[in-house]
Amino acid sequence: MAADVTGNELATTTPASPAPAPAPPQQPPAAWYPHRPRFLFVYGILGAVLAGAIALIVIYAGRAITPAPEWSAWHPHGGGLGAAKQIADQVAKAYRLPNGDQLVDVIAKAPSVSPASSTSIPIHYVGVRGTKASGDKIISVSSSNSVMYTLCGLGSGCSIATGKATVARGTLVRREILELALYTFKYIGGVKSIVAFMPPPPGTQPQYVVYLQKSDISAELKQPIAKTLAAKVPLPTAIPAREVHVIDSVTEPRVYKFSLAQAQTGDAILVLTPLPA
């Protein structure tokens, strides 16, 4: 003890020592986290899924901004025979002869025949005669799965009334049939086949049809129609070689000579006979 000037004793003080620093937390041993690799694996999968979802959103957003091209600039409204009649009118008016006349009129109807002495009789079957390598085929047809088009030139026997029958004009007729088939199969649900009656040469009776099934032009239906047939219909002598190749490859093997038969049950059968090679 020491004394101050008043005689009081002063306590001797000793400076306090600093508090010890807290010990760093101890890391638990790895054995305490036996499932950590599994969690990391799951988190990795979730990250990959998230990244994939983002990529899909970007892709679909891009498609929405730049949609795929339309199959055609025009299309019928509704379905069934009403749509087939719209297609017939739309296609027919675009085909012209060199003198400006319409090539043919097109009549769309359900599969049926109208003998002169009778009312309209529904066709229930198409019979395709076989060749040496194949047997006959009987195909059931109805208004729900087939459309019949009659191409009539308004001349005698539905022949084309003006001009001369030529190979080029026949190719243009088959081009029109192909276009009718493309629109029909693309826009009328449930239709599996069409029968198109061709106009005969002047002075003769109708005897030829083009019979097309949807599977015959599946490749053409997967691309816009403009890639198969140009939007502007050419004159008979001006059909591009590329189109002639497509028209011939699709329609020529499917031109038949037709006749009618009747089953014992009374059902009308449209009999198709392949042309000689």
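# Exercises on a predicted model

**Exercise 1. Helix α3**

Task: What span should the 21 residues of helix α3 (residues 167-187) have at 1.5 Å a residue, and how far apart are its end C-alpha atoms?

Solution. The structure is a predicted model. The expected span of a helix is 1.5 Å times one less than its number of residues. For the 21 residues of α3, this rule gives 30 Å. The end C-alpha atoms of α3 lie 31 Å apart, which agrees with the expectation.

Task: How many of the 21 residues of α3 are buried?

Solution. A residue counts as buried when its relative accessible area is under 20%. In α3, 16 of the 21 residues are buried, so the helix is largely enclosed by the rest of the structure.

**Exercise 2. One residue of α3**

Task: Is Thr184 buried or exposed, and with which side chain does its own side chain make a polar contact?

Solution. First, Thr184 is located in helix α3. Next, its relative accessible area is 0%, so Thr184 is buried. The side chain of Thr184 then makes a polar contact of 2.7 Å with the side chain of Tyr149. Finally, when neighbours within four places in sequence are left aside, Thr184 is in contact with Ile87, Val147, Tyr149, Val191 and Ile194.

**Exercise 3. The cavity**

Task: How many cavities of 30 Å³ or more does the structure hold, and which element gives the most to the lining of the largest cavity?

Solution. Rolling a probe the size of a water molecule over the atoms shows where empty space is left. The structure holds one cavity of 30 Å³ or more. The volume of the largest cavity is about 40 Å³. Its lining consists of Pro111, Ile123, Val126, Val141, Ser146, Val147, Met148, Val195 and Leu270. Two elements, β5 (121-128) and β7 (146-152), give two or more residues to this lining. Strand β7 gives the most, with three residues. By class, the lining has eight nonpolar residues, one polar residue and no charged residue.

**Exercise 4. Two pockets**

Task: Which element supplies the largest share of the lining of the largest pocket?

Solution. The largest pocket has a volume of about 500 Å³. Of the 17 residues that line the largest pocket, Thr166, Gly170, Arg174, Met198 and Pro199 lie nearest its centre. Helix α3 supplies the largest share, six residues. The lining of the largest pocket comprises eleven nonpolar, three polar and three charged residues.

Task: Which element supplies the largest share of the lining of the second largest pocket?

Solution. The volume of the second largest pocket is about 300 Å³. It is lined by 14 residues, and Ser112, Val113, Ser114, Thr150 and Phe197 are the closest to its centre. At least two lining residues come from each of β4 (112-113), β7 and β10 (255-262). The largest share, three residues, belongs to β7. Ten nonpolar, three polar and one charged residue make up the lining of the second largest pocket.

**Exercise 5. Positive phi angles**

Task: What is the phi of Leu154, and what is the phi of Cys158?

Solution. Most residues other than glycine have a negative phi. Leu154 is not a glycine, yet its phi is positive, about 65 degrees. Cys158, also a residue other than glycine, has a positive phi near 75 degrees.

Task: Where do Leu154 and Cys158 lie, and how accessible is each?

Solution. Leu154 lies in the loop between β7 and α3, and Cys158 lies in the loop between β7 and α3 as well. A relative accessible area over 50% counts as exposed. Leu154, at 62%, is therefore exposed. Cys158, at 23%, is partly exposed.

Conventions:
Residues are numbered from 1 along each chain as its sequence is written. This is a predicted model: local features need pLDDT of at least 70, side-chain atom pairs count only at pLDDT 80 or more; totals for chains, interfaces and linings use all residues. Side-chain values use heavy atoms; hydrogens and water are left out. Helices (H or I, at least four residues) and strands (E, at least two) are DSSP runs, numbered from the N terminus. Buried means under 20% relative accessible area, exposed over 50%, partly exposed in between (1.4 Å probe, protein chains only). On a 1 Å grid over the protein atoms alone, a cavity is a set of points where a 1.4 Å probe fits but cannot get out, and a pocket is an open set with protein on both sides within 12 Å along at least five of seven lines; lining residues have an atom within 4 Å of a point. Grid points are joined across faces, edges and corners, and a volume is the space filled by probe spheres set on the points. Ala, Val, Leu, Ile, Met, Phe, Trp, Tyr, Cys and Pro count as nonpolar, Asp, Glu, Lys and Arg as charged, and the others, Gly among them, as polar. A polar contact is a pair of N or O atoms within 3.5 Å; within protein, one must be able to donate a hydrogen and the other to accept it, and residues adjacent in sequence count only if both atoms are side-chain atoms. Contact means heavy atoms within 4.5 Å.
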